[in-house]
Amino acid sequence: MTDTQGSIHDQWSSRFVFILAAIGSAVGLGNIWKFPYITGENGGGAFVLVYLICVALIGVPIMMAEILMGRRGRQNPINTMRTLVAAEGGHPVWRGLGWLGVVAGLLILSYYSVIAGWSMAYVFRAGAGLFTGADAKTISTLFEDLLQSPGSMLAWHSLFMIMTVAVVARGVRSGLERAVTLLMPALFALLVILVLYALYEGDFTRGSAFLFTPDFSKVFQHCEVEAAIKTCRFTGEPLLIALGHAFFTLSLGMGAIMVYGSYMPSNASIARATLAIVLADTLAALLAGLAIFPIVFANGLEPASGPGLVFQTLPIAFGSMPGGQVFGTLFFVLLVFAAWTSSISLIEPAVAWLVENRGMGRASAALVAGMLAWLLGIGSVLSFNLWSGESFQFLGKTWFGLVDYLAANILLPVGGLLIALFAGWVMSRASTLDELGMGDGLAYRTWRFLVRYISPWLVMIVFFNTIGLI
Ligand code: PFF
Ligand code: NA
């Protein structure tokens, strides 16, 4: 157990549990709720292609960097950065990276919990058979009803936050990560069933063409629907949204994966773990897209209809497929679990910091962080009803839109950029070579090249572009 020296955490009992926890963090609402709706708003195939390029050239090397930094620092992100800065001789400003993660995590959790709340509401709607035989119009109305009841949205949001706090308060080795072994494969199986349904009952040709045939005239086109009117504008935003989503979906750029890395056994392969996490996450997103868009086109729905997309499409499938009531209920239960395993990693950087630096117990730390995210989340609850009007908007965005944009499209890429620069330029070659433990061959050299020259530049170019085109 020499490799636990300096760590106050237990290690994962096996490398397998580390991968499960990381997959649990990665696969969540980002794949099933967010990926389809932002793909719909940003023109489809070209956006998906940019997103996949971001995952391969930025996501993979930065995930390896984040895991290795966590494993070398062995503490919460803030202290890990302090230790690494001391060991590698960087400027103290790098410590700010840990802070960025705490803030981004709480901001994301604040609205993540609201959407997880919708999913919980849908467990009961599916279970009650509300979708059985319902057409697209009825299903859209059901969704609108939910948005128009801030009280029940707030109740679900509160319940989900309590669930998150309860698990985190009990420590890292809770049963939830282990549940991933059973629940994730089940979620994938249900996604496959939905894709099969879409293949036979949806407009699969149009749906898959929308996802996979890039129309490059739409690279700079962002559309939204408001009050049944669709408006599209020419902007650099889609590139930034694709980049931000690569970070969001892989849980990168805010120290969540760094915290998990700090629990990873030192004999486990970081490259292999990264590959498993990225493949599982990408597969989940593409399956969700393949299930949703054929239903969108077969029912004359609007791809750019926004955050409600998954809740207005999949219930149509559950309403008309054999066994749909059972499948539908199960699907939303699994979605809630997937969101749950992600939310515990969103709150973890803040909790770890409160425990290690403020001397709090885990339970009080979880409570404090959870309260903060819950309060911020009320703004997102209201963004879909009482605060949806223009007088409550800033820069053309609601509170929800603004918090999401700031956290996912600004803070995560900035965090990722700093991680790449730190691992590539501040840490010595000897340290990263040692920590990655894959020898000084082509794989290591490719990683170091990407993390030094490619990922940071791509992130900066996208930023630059967006600012120029906004
Ligand atoms: N990766 C999660 C998802 O795709 O739903 C969201 C997320 C979790 C983002 C944890 C960031 C994070 F630290
Ligand atoms: Na994800």
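Trainee: Over how many bridges do β1 and β2 pair?
Mentor: β1 (residues 221-226) and β2 pair (at least two DSSP bridges) in the antiparallel sense, and the number of bridges is six. Keep in mind that this is a predicted model: local features need pLDDT of at least 70, side-chain atom pairs count only at pLDDT 80 or more, and totals for chains, interfaces and linings use all residues. Residues are numbered from 1 along each chain as its sequence is written, with chains lettered from A and ligands numbered from 1 in the order in which they are written. Back to your bridges, then: six.

Trainee: Which residue in β2 is the bridge partner of Gln-221?
Mentor: Look across from β1, a strand (a DSSP E run of at least two residues, where helices are H or I runs of at least four, numbered from the N terminus). In β2, Gln-221 finds its bridge partner, Phe-234.

Trainee: How many residues of β2 are buried?
Mentor: Buried takes 20 or more other C-beta atoms, placed from the backbone, within 10 Å of a residue's own; 12 or fewer is exposed, and in between is partly exposed. β2 covers residues 229-234 and is hardly covered itself. Of its six residues, the buried count is zero.

Trainee: What about the turn: is Ala-228 buried or exposed?
Mentor: Ala-228 belongs to the loop between β1 and β2, and its phi is positive, about 65°, although it is not a glycine. Its neighbour in that hairpin turn, Ala-227, has a positive phi of about 50°. Ala-228 has 7 other C-beta atoms within 10 Å, so it is exposed.

Trainee: And Arg-74, buried or exposed?
Mentor: Arg-74 also has a positive phi, near 60°, and lies in the loop between α3 (45-73) and α4 (77-88). This time there are 22 other C-beta atoms within 10 Å, so Arg-74 is buried.

Trainee: How far apart are the C-alpha atoms of Arg-125 and Pro-315?
Mentor: Arg-125 is part of helix α5, and it counts as buried because it has 23 C-beta neighbours inside 10 Å. Leaving out residues up to four places away in sequence, Arg-125 touches (C-beta atoms within 7 Å, placed from the backbone) Leu-130, Phe-131 and Leu-142. Pro-315 is 190 residues away along the chain, yet the C-alpha separation is 9.5 Å.

Trainee: At roughly what angle do the axes of α2 and α10 cross?
Mentor: Among the residues that meet, α2 offers Phe-35 and Ile-38 while α10 offers Ile-241 and Phe-248. By class, this contact has four nonpolar, four polar and one charged residues. The two axes come within 11 Å and cross at roughly 175°.

Trainee: How many polar residues are in the contact of α12 with α13?
Mentor: The axes of α12 (270-298) and α13 (309-320) come within 9 Å and cross at roughly 80°. Ala-291, Ile-292, Ile-295 and Val-296 in α12 face partners in α13 that include Leu-309, Val-310 and Thr-313. Nine of the contact residues are nonpolar and none is charged, which leaves the polar count at one.

Trainee: How many residues in the shell around ligand 1 are charged?
Mentor: α1 (15-26), α2 (29-41), α5 (96-127), α10 (237-249) and α14 (324-358) each supply at least two residues of that shell. Sort the shell by class: Ala, Val, Leu, Ile, Met, Phe, Trp, Tyr, Cys and Pro are nonpolar, Asp, Glu, Lys and Arg are charged, and the others, Gly among them, are polar. Seven shell residues are nonpolar and nine are polar, and the number of charged ones is zero.

Note on methods: Axes are lines fitted to C-alpha atoms, for helices over the stretch in contact, and angles run from 0 to 180 degrees between N-to-C directions. Two residues are in contact if their C-beta atoms, placed from the backbone, lie within 7 Å.
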